[in-house]
Amino acid sequence: MENLSTLTGKYGDEGDKLIFKVLNSGEYLGGKIFNKTKENLLSFLDNQIEKSKKIAPLSLQDIWDNETEKSVLEVLKMHMQEVGISEKALRYDLTVPFARYVVMNRNDITFPFKRYQVQPVWRADRPQKGRYREFYQFDADVVGSPSLVYEAEFFQIFAEVFKRLGTSVTIKYNNRKVLNGITEAIGAQDKFVEVVTIIDKLDKIGVEKVNEELAVLGVTPSGIDKLQVLFTLQGGDKEKLEAIKTTVSSSEIGVKGVEELQAVLSYLEAANFDFSTIEFDPSLARGLSYYTGAIFEVKAHGVQIGSICGGGRYDDLTGLFGLPNVSGVGISFGVDRIYDVLNELNLFPETMADAAKVLVTNFGVDEEKFSFNLVTKLRAAGINADMYPTQAKLGKQFEYADKKKIPFVAVIGADEMANNVVNLKDMVSGVQEKYTVEELIGKLK
RNA sequence: GUGGUUUUAGCUCAGUUGGUUAGAGCGCCUGAUUGUGGUUCAGGAGGUCGCCGGUUCGAGCCCGGUAUUCCACCCCA
């Protein structure tokens, strides 16, 4: 939970709408209130007016007489929310609260400061596949240095993580300064957000629609013409960056953005980084408004889902909380979406690494004590063992082992107890052999 | 936030113009096999048809409300 004021204004207009606001203790604004009859509603609101002078200026009866029922309800809802919403809100991401934390603890932190963090965050959005109201983010950030080496490190982290997960991804990147340069170069710097939003839709609606929307926005034909380089970039990232550099050559900030990315690539090159998974995308914008430099986005291959990671550099975020001139850069893994991807691509192992290796049978009152003693010995020897919990038919116990993918079953009945041996069945081959306890431990270890 | 869509057995889904006892596959249980899983065969259990109300002699099916699922837009993890 954060103060509402900590979160508002950090994520853009859309972000502000998606912040989960929290009601004051004891308030209830559920739909039931707004479905009441006129009489009930008016008497309810009279009580509210008594409680709060904030909505006293409203003459409810007047509005009711002159407006449609729906608009009255809208007006009432707005005023109700003014009364009911507290100064608290649920975390929207981990970056802004982290910036607040850094400012609060500035005296105890040695910069550059690195940290990782896993926690749930919330969006007041309509949920659908891959879009959740509550989901986990895994964030890694470093604040207190403008060094572009950190950008390179985050590329390495992305690449290493998805390599280990066995997932094929594309790490897309861009730089806000490049976008600034582009809007400057086409003489539309006063419409930065609008232009960038349209360009960002490129892969979704296509070049023609993008040009159309830019024209409607008021971008000059020569400006639009200049932009076409963006849509027809050829070659590797190095070539693309050179081409963009020419496009934004008239913009000081634009050139700086390109040079920053070139520097990052040079670090990666020095570290023998595999460039095949990364892709410079000058149309990549990202919604969060606090980014000022590099921006990242990771897309999974073979699964239709939004981006599974995001990130970028923010020069001024701590400044908003009273600590200026501290640059930071960080990335965020969308843990739930990554889970969805792994699940859909069947990348989770069939069995858990720490699942039981052997199931010891349970035949009855005397046998289960012998079995429990064996389980204890096996565990003491470092073998992951389990005993069937109740006396049951042997077939049932084998079936259980089969379904749990437990590779061995140790059968202990009257015969085995009398001879002080264990009858071990290999569930894959079906072969069954008798061992002493010591031999069994040696066999399973 | 806007526009759609889904909801019937544990799971995935059929269910005709409203008509007797709501079905299938898979799963589950029992037995064939009294101490031996996967395969096969035989049998069985399991449903307030999301919820509330209405129309009708009669509603899983029609109407109203509500919840919910998923999708598109928007936006993003």
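In strand E13 (residues 408-411), valine 409 is the bridge partner of leucine 359. That pairing belongs to a set of 3 bridges joining E13 to strand E11 (residues 358-360), and the two run parallel; strands count as paired here if DSSP finds at least two bridges between them. Helices and strands themselves are DSSP runs (H or I of at least four residues for a helix, E of at least two for a strand), numbered from the N terminus. Valine 409 also stands opposite lysine 425 in strand E14, and E14 (residues 422-426) pairs with E13 in the antiparallel sense over 4 bridges. Both faces of E13 are covered, with Phe408 and Ala410 buried on one side and Val409 and Val411 buried on the other. Buried stands for under 20% relative accessible area, exposed for over 50%, and partly exposed for anything in between (1.4 Å probe, protein chains only). Just ahead of E13, in the loop that follows helix H17 (394-403), sits lysine 405. Its phi is positive, near 55 degrees, in a residue other than glycine, and lysine 405 is partly exposed, at a relative accessible area of 45%.

A word on the ground rules: this is a predicted model, so local features need pLDDT of at least 70 and side-chain atom pairs count only at pLDDT 80 or more, while totals for chains, interfaces and linings use all residues. Residues are numbered from 1 along each chain as its sequence is written, chains are lettered from A and ligands numbered from 1 in the order in which they are written, and side-chain values use heavy atoms, with hydrogens and water left out.

Taken as a whole, chain A comes to 19 helices and 15 strands. Of its 445 residues, 45% count as buried. Contact means heavy atoms within 4.5 Å, and among the contacts in chain A with a separation of 6 or more, 66% are between residues 24 or more positions apart.

Next comes strand E10 (328-334). E10 is largely enclosed by the rest of the structure, because 7 of its 7 residues are buried. Gly328, Gly330, Ser332 and Gly334 point one way, while Val329, Ile331 and Phe333 point the other. That fits the general pattern, in which the side chains of a regular strand alternate between the two faces of the sheet. E10 is joined to strand E5 by 7 bridges, running antiparallel, with aspartate 139 opposite serine 332. Strand E9 pairs with E10 too, in the antiparallel sense over 6 bridges, and there glycine 311 faces isoleucine 331.

The loop between E9 and E10 has a couple of residues to flag. Asparagine 325 lies in it and has a positive phi, near 60 degrees; asparagine 325 is exposed, with a relative accessible area of 75%. Glycine 322 is found in that loop as well, partly exposed at 42%. Setting aside neighbours within four places in sequence, glycine 322 is in contact with Val103 and Arg106. Glycine 322 and arginine 100 lie 9.1 Å apart, C-alpha to C-alpha, despite being 222 residues apart in sequence.

As for empty space, a cavity is a set of points on a 1 Å grid over the protein atoms alone where a 1.4 Å probe fits but cannot get out, and lining residues have an atom within 4 Å of a point. The count is 1 cavity of 30 Å³ or more, and the largest holds about 40 Å³; grid points are joined across faces, edges and corners, and the volume is the space filled by probe spheres set on the points. Its lining includes Thr95, Asp139, Asp141, Tyr291, Gly311, Ile331 and Ser332. Strands E5 (134-143), E9 (309-314) and E10 each give two or more residues to it.

The largest nonpolar core has 54 residues, of which Phe155, Phe158, Phe162 and Ile308 touch the most other members. Such a core is a set of buried Ala, Val, Leu, Ile, Met, Phe, Trp, Tyr and Cys residues joined through side-chain atoms within 4.5 Å. Leaving out neighbours within four places in sequence, phenylalanine 162 is in contact with residues including Val298, Ile308, Phe333 and Ile338. Ile338 is buried in helix H15 (residues 335-344), as are Asp340, Val341 and Leu342. The cover over the buried residues of H15 includes helix H8 (149-165), strand E8 (294-300), E9 and E10.

How values were computed
On a 1 Å grid over the protein atoms alone, a cavity is a set of points where a 1.4 Å probe fits but cannot get out, and a pocket is an open set with protein on both sides within 12 Å along at least five of seven lines; lining residues have an atom within 4 Å of a point.
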